[in-house]
Amino acid sequence: MADETPPARHVFLVDDHPLVRQGLAAVLSQAGFAVCGEANNGTETLQHAQLASADLAIVDLALGEENGADLIAALRARGIRVLVYTMHEEPSRVTGALAAGAAGYVTKREVAQYLVEAVREVLAGELYVSPRAAAGLAKRAANRAMDDASLSEQQRHVYRLLGEGASTGEIAEQLHVSPRTVESYCARMIEKLGLAGMKELRRQAIADRLGGAR
């Protein structure tokens with residue numbers, strides 16, 4: 001009888017600590033996944049011959065002088081799903097990684113079972129945020145509740161559309177207002193939510209939408 005066992009899914013590891021990569025490889029192998037390659041940083045990753053065979057990349061956000069968010073975007077552009085595995089638990093790091101295109105976020109203080117669960121969920125097309133990271137997001141959401149409540153209904157509608165990736169012109173068309181009016185709504189939201197500017201507002205809106213998908 002022919003072996004009907006499906007082939008192992010391929011995972012690429014990106015972390016600047018060899019011992020961490022070794023531990024990840026052992027956990028993944030025991031769970032039935034195949035590590036197809038490893039790299040220390042983003043530059044090495046994107047030049048690696050085995051990256052093309054990866055179904056998923058597990059990426060640390062701290063890669064020396066390189067920006068992990070930039071690597072996430074570059075991997076997504078190549079059609080590779082990304083799971084962040086990092087020591088950082090700050091909500092801004094989580095939302096930033098999700099906004100950059102990561103489909104999963106696991107902190108290094110979690111037990112191994114959450115990493116394996118995350119790999120399976122992300123490979124299945126789902127979004128995964130580990131318990132410690134999710135707890136940080138929930139706490140931030142609670143702290144922002146008063147600020148969010150101060151947004152008008154129209155501002156909340158604009159915020160949701162920003163999270164869906166709509167441009168200022170598209171939002172104006174949907175709401176039957178001028179682009180300048182939409183810009184005014186955004187300026188008020190930036191002020192109320194204490195954000196640095198439009199780019200951060202859009203990034204937060206996208207991350208909040210993704211976080212709410214779980």
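Visitor: Which classes of residue make up the lining of the largest pocket?
Guide: Six nonpolar, four polar and three charged residues. Ala, Val, Leu, Ile, Met, Phe, Trp, Tyr, Cys and Pro count as nonpolar, Asp, Glu, Lys and Arg as charged, and the others, Gly among them, as polar. This is a predicted model: local features need pLDDT of at least 70, side-chain atom pairs count only at pLDDT 80 or more, and totals for chains, interfaces and linings use all residues. Numbering starts from 1 along each chain as its sequence is written, and side-chain values use heavy atoms, with hydrogens and water left out.

Visitor: What is the volume of the largest pocket, and which residues are the closest to its centre?
Guide: Its volume is about 240 Å³ (the space filled by probe spheres set on its grid points, joined across faces, edges and corners). Of the 13 lining residues, L61, N67, G68, A69 and R93 are the closest to the centre. A pocket is an open set of points on a 1 Å grid over the protein atoms alone, where a 1.4 Å probe fits, with protein on both sides within 12 Å along at least five of seven lines; lining residues have an atom within 4 Å of a point.

Visitor: Which element gives the most to the lining of the largest pocket?
Guide: Helix 4, with five residues. Strand 5 (66-67), helix 3 (68-77) and helix 4 (91-100) each supply at least two. Helices (H or I, at least four residues) and strands (E, at least two) are DSSP runs, numbered from the N terminus.

Visitor: Why are helix 8 and helix 10 called roughly perpendicular to each other?
Guide: Helix 8 (residues 153-163) packs on helix 10 at about 95°, with the axes 10 Å apart. Angles run from 0 to 180 degrees between N-to-C directions, and axes are lines fitted to C-alpha atoms, for helices over the stretch in contact. The range 65 to 115 degrees counts as roughly perpendicular. Helix 8 and helix 10 therefore earn that name.

Visitor: Why does helix 9 get the name roughly perpendicular to helix 10 too?
Guide: The axes of helix 9 (residues 168-175) and helix 10 (residues 179-193) cross at roughly 105° and come within 8 Å. The two helices are therefore roughly perpendicular. T168, I171 and A172 in helix 9 meet P179, V182 and E183 in helix 10 (contact means heavy atoms within 4.5 Å). That contact has four nonpolar, one polar and one charged residues.

Visitor: What makes strand 2 and strand 8 the edge strands?
Guide: Each pairs on one side only. The open sheet has six strands in the order 2-1-3-6-7-8, with parallel pairing. Two strands pair if DSSP finds at least two bridges between them. Strand 1 (residues 10-14) and strand 2 are joined by five bridges.

Conventions:
Angles under 35 degrees count as roughly parallel, over 145 as roughly antiparallel, 65 to 115 as roughly perpendicular and the rest as oblique.
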